[in-house]
Amino acid sequence: MENSQNLLDIAQSASEASQIARQTLIQKDNFKKLSSFLERISFSLKESFKFETSNRAIENLKAEIETAKQLSLECAEGNRIYLLLNCKRIAGELDKTSKNISRALISFTSGSFELESTNILANLCKNMSDTQYQVSAIEQELLQKIETGIEDRRIDHSYASNLLVRIAESLGISCESSELKTEFERFKKEIENIESSTEALRMEQIIRLLSNADMVTTPKEKEIKYLTKRISLGRHLLEPLPSFYCPIKFDIMEDPVETPAGHTFERAAIEKWLMSAEGNSLCPMTKMPLSRSSLRPNRVLRQSIEEWRNRNTMISIASMKPEIQSNDELEVLRCLNKLRDLCETSQMHREWIVMEDYIPIVAGLLSAKTSEFRVRALAVLYYLAKDSDDNKERIVKENDSIVYIVRSLARKVEESLSALQLLLELSRITHIKTLIGAAQGCILLLVTLANSDDPQASKYAQEVLKNLAFVDTNIIQMARAKFFKPLLHRLCEGPVSIQITMADTLAEVELTDHNKLCLFRDGALNPLLQMLRNSDIDVKAAAVKALQNLSGVAQNGLRLIKEGAKESLFELLFCHSLSSSSSKLREQVARTVMHLAMSTTSSEASQEQISLVETEEDIFKLFSLISYSGPDMQETLLLTFLALCKSPTGSQIRNDLRQISAVKVLVQLCELDDLSVRAAAVKLLFRLTQDGDHTTFLDHVNKKCTANLVKIIETSKNEEEAAAAMGVISHLPRNLQISEHLLDSGALEVIFDCLNYNYTHAPHVKELIENAAEALSRFTVSTNPMWQKRVAEAGMIPVLVKLLSTGHPLAKLHAAVSLKQFSESSRNFSSPVKMGGVLGCCFGSPPANVCQIHGGVCSTESSFCLLEAGAVGPLVAVLGESDDLRVCEASLDAILTLIDGVQLQSGCKVLDEGGALVQMIKILNCSCTNELQEKMLGALQRIFRLVEYKTKYGKSAQMSLVDITQRGSSGAKSLAAKILVQLNVLNEQSTFF
């Protein structure tokens, strides 16, 4: 019974030891194996506690289990650094304990246990005996580095710091300085009670090595230690000992190695000697055979050389301070070069330079006039900044140091690169990022360098900008400098408050069209649309402001329409719950909608059939806002509809606007004193008059309206508005009442003034003159001779003739129409010829100025004669030169008035002399409309009735006529065939007919 209780106690102890083994700080894999074995032992003993075994076996097993428990407890509660340094011993003890437990268990297998339990214990004993407990690869590596550092007497901080960081990472210790220092202090305290002198010595060596790490020593402690040592060295440099020199190279050695005979050489020199023909694998001193493998590092000598170098370097660094602050430029440059070289050599030298308080001195040289001083100073500060955050802080605390570093960005390539490198290091500290961003011109210069062709400068600048982008004020500055990547990142992934800030920035920044396109391409659209659909009105407002700025380029506007932005915008625009204080938001929405409307006038919108408004109800709701809005909003909405009227669906939109009585509203707006609203209204009204739907205008255009339009043309300083008002007049229904209203309002005089406008290439003046020429044509109709005389007496016919030569195509067209209308009345107003002689005798000679077309006395003012006005030549020129077939046809109509009726013979003569017949035949060879072609053929049919012209031009016309009979319209074929009969090419019985 006693044995059974003992077995239960051991089982409980094994279970406790198993639990502790799973909580160890190191050797986790090894202790996991031990824990598993202990758990199995506990289970087996609990199952077999009723069986008898010897007391000695029980005591042995109990003792070994307790040993395992204590070892696990030590590794669960001890200092982790100390445990790591003893990892080999711990692994050995684990192996020993495991095997001892296995041996103790073997005696249980020969007792009175059941066969099955005996077999389980036997297998467990074998597994424990065979298991290997090994040190991990990382632990082995760290132990080796520690031994190397001790052997090589490494005292530089970088080696110790890197080693301590690796130790901390392997043990799961935070690398934060305070925590690491606490753990290191616990380690030093733990080894105070070590009894073994050998182990104590080894631990002292390790502490001496790791104490050089930055994390476990405060800057003040380092400085005191350094200054104490440097003062003890004196001020004079020591000459090197003869043993420091290599017998081969005669230089001070860097890596001395010793031969078996006791001679020391520089490793590289002796290895090169042994491989050379001269050396022939013989020692240069003893001439005895020597192999590379027999060379051994001379660590003692190497340490002596390093101590000598360090001593002299300390003294040199301290002694340069007066020289670098002198007025001797050569000395200053030499000192800077020396400091730079020392900084490049090792971290230890950089620390000495900092502790000698060189940072203020070197930072002061950033403002030097000499470029070489600044470049060297930047390089030194860069090396110092790399080492620690404390150095970075000290650099930026110097007066205006950041300002001078930023100024160096704008200088020559070498200096600019050095400044970039230094800024990159400084920008790793949060509060310094703010200081850098606040430096005048800094971010603009960085953005410029980031976009430069120099790959190195671009890389550094982008890295600095990336660091600075952790501060929102810097991101805003970057956006103003047209560097948007950080802003887009914050807009996409930042919290709502930051998204609002970024959207506000996009709204305020002046953007080129390229910027706008790039922002949408790079991801600004989706977050802004999400904000626009947010339920919070402030979020919506921020999105609207940004979209207003970005939607000003057509491609972006079309993307917004495709992505469904118009629904959200219209919802805001028509929202009745918006307070009066939100009127500004409504105006911003309206301007954004205006941009979308303008985008629909692009060629892409036409190709893809993209429209902004699709129903008459939408048009009505949008247009009705004009009546309930202030002037700014009214202007925006009018410009929106002006753009929509030019879109692919413009014809339907113009029709819908006329249906909802938009003309009445626009006529009223044209009378406003607000010039901007009036101009927009006039331009939209002009668009609505272009479709020839006159019914609506007859209802709303009265004498007051026409007078107002004329007044606008007379007084407006906005040429586009004046051109639009003239366009309205030109398109108004041509009924007598409206024409009389226009005449009463002085429209004719205004038209005259516009047609005499000198600056035909000025913006919108071209359109003004074209519209004026069209408006004039309503007063030159042959049905109202009184109007014709009024126009002719005002001297407008020569102006029209001049337009044929100097005007743009539409102006030429309307000029030709007016001249044609004048010419239709010429025969009626040509004065009869009064014959000379006694009592009117018929034998008297006729006057010399008889018109050869009309047979009477003609003049430009009285009979409107084209021949007298010199219009034939310009009309023929227009006929031959114009690419616009409408202009060509109008010119032809005017020319053909000269061969109307009985004046065929004389008219043909004039046309022939003016070259018109040649041009008419040429036109037959060109692609032209069926109507123009038939009109031309009809004229030639009449002209070829005269034998003279049939003979002269018939042959040149034949080929064109034959081609028309094959390819022309039915009417043109018939006319062409009849002319070919006239030319005797076909006979009247031809099968063609």
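Visitor: What is the volume of the second largest pocket?
Guide: The model in front of you is a predicted one, and in it the second largest pocket comes to about 600 Å³.

Visitor: Which residues lie nearest the centre of the second largest pocket?
Guide: Those are Glu 306, Arg 309, Asn 310, Thr 345 and His 349, from a lining of 23 residues. Three helices each supply at least two residues of the lining: α13 (299-319), α15 (329-345) and α16 (347-355). The one that gives the most is α13, with nine residues.

Visitor: How many residues of that lining are nonpolar, polar or charged?
Guide: Seven are nonpolar, seven are polar and nine are charged. Glu 306 and Arg 309 lie nearest the centre, and both are charged because Asp, Glu, Lys and Arg count as charged.

Visitor: What makes Glu 93 and Arg 89 a salt bridge?
Guide: Their side chains meet with N and O at 2.7 Å. The cut-off is 4 Å between a side-chain nitrogen of Lys or Arg and a carboxyl oxygen of Asp or Glu, so the pair passes. In sequence, they are four residues apart in helix α5 (residues 87-106), so about one helical turn separates them. As background, residues three or four places apart in an α-helix point the same way, because there are 3.6 residues a turn.

Visitor: Why is Glu 93 called partly exposed?
Guide: Its relative accessibility is 27%. Buried needs under 20% and exposed needs over 50%, so Glu 93 falls in between. Arg 89, at 31%, is partly exposed too.

Visitor: How do you know that Asp 504 and Lys 545 form a salt bridge?
Guide: The N to O value is 3.2 Å, and it is within the 4 Å limit, so the pair qualifies. This pair links distant parts of the chain: Asp 504 sits in helix α27 (residues 496-508) and Lys 545 in helix α30 (residues 537-550), 41 residues apart. Lys 545 has a relative accessible area of 28%, so the label is partly exposed.

Visitor: What makes Asp 912 and Lys 952 a pair that ties parts together?
Guide: They form a salt bridge whose closest N and O atoms are 2.9 Å apart. Asp 912 belongs to helix α52 (residues 904-913) and Lys 952 to helix α55 (residues 947-967), so the parts being tied together are 40 residues apart in sequence. Asp 912 has a relative accessible area of 15%; this is under 20%, so Asp 912 is buried.

Visitor: Which residues are joined into one network by salt bridges that share partners?
Guide: Asp 255, Arg 267, Glu 271, Arg 292, Arg 302 and Glu 306. Two of these names appear elsewhere: Glu 306 is among the residues nearest the centre of the second largest pocket, and Glu 271 is one of the buried residues of helix α12 (residues 267-275). The buried residues of α12 pack against β1 (256-258) and β2 (264-266). By the salt-bridge rule, the count comes to 45.

Visitor: What makes Asp 387 and Arg 350 a polar contact?
Guide: Their side chains come to 2.6 Å, and the limit for the N or O atoms is 3.5 Å, so the pair fits. Asp 387 lies in helix α18 (residues 371-387). Leaving aside neighbours within four places in sequence, Asp 387 is in contact with Gln 347 and Arg 350.

Visitor: Why is Val 801 called buried?
Guide: Its relative accessible area is 9%, and anything under 20% is buried, so the label follows. Val 801 is found in helix α47 (residues 796-806). Beyond its neighbours within four places in sequence, Val 801 is in contact with Leu 819, Ala 869, Gly 870, Ala 871 and Pro 874. Its C-alpha is 8.2 Å from that of Leu 875, although the two are 74 residues apart in sequence.

Visitor: What is the phi of Phe 864?
Guide: It is positive, about 60°, although Phe 864 is not a glycine. Most residues other than glycine have a negative phi. Phe 864 is found in the loop between α49 (860-863) and α50 (872-881), and at 0% relative accessibility it counts as buried. Gln 27 also has a positive phi, near 50°. Gln 27 is in the loop between α1 (2-21) and α2 (28-47), and its 6% is under 20%, so Gln 27 is buried.

Key. Residues are numbered from 1 along each chain as its sequence is written. This is a predicted model: local features need pLDDT of at least 70, side-chain atom pairs count only at pLDDT 80 or more; totals for chains, interfaces and linings use all residues. Side-chain values use heavy atoms; hydrogens and water are left out. Buried means under 20% relative accessible area, exposed over 50%, partly exposed in between (1.4 Å probe, protein chains only). Contact means heavy atoms within 4.5 Å. On a 1 Å grid over the protein atoms alone, a cavity is a set of points where a 1.4 Å probe fits but cannot get out, and a pocket is an open set with protein on both sides within 12 Å along at least five of seven lines; lining residues have an atom within 4 Å of a point. Grid points are joined across faces, edges and corners, and a volume is the space filled by probe spheres set on the points. A polar contact is a pair of N or O atoms within 3.5 Å; within protein, one must be able to donate a hydrogen and the other to accept it, and residues adjacent in sequence count only if both atoms are side-chain atoms.
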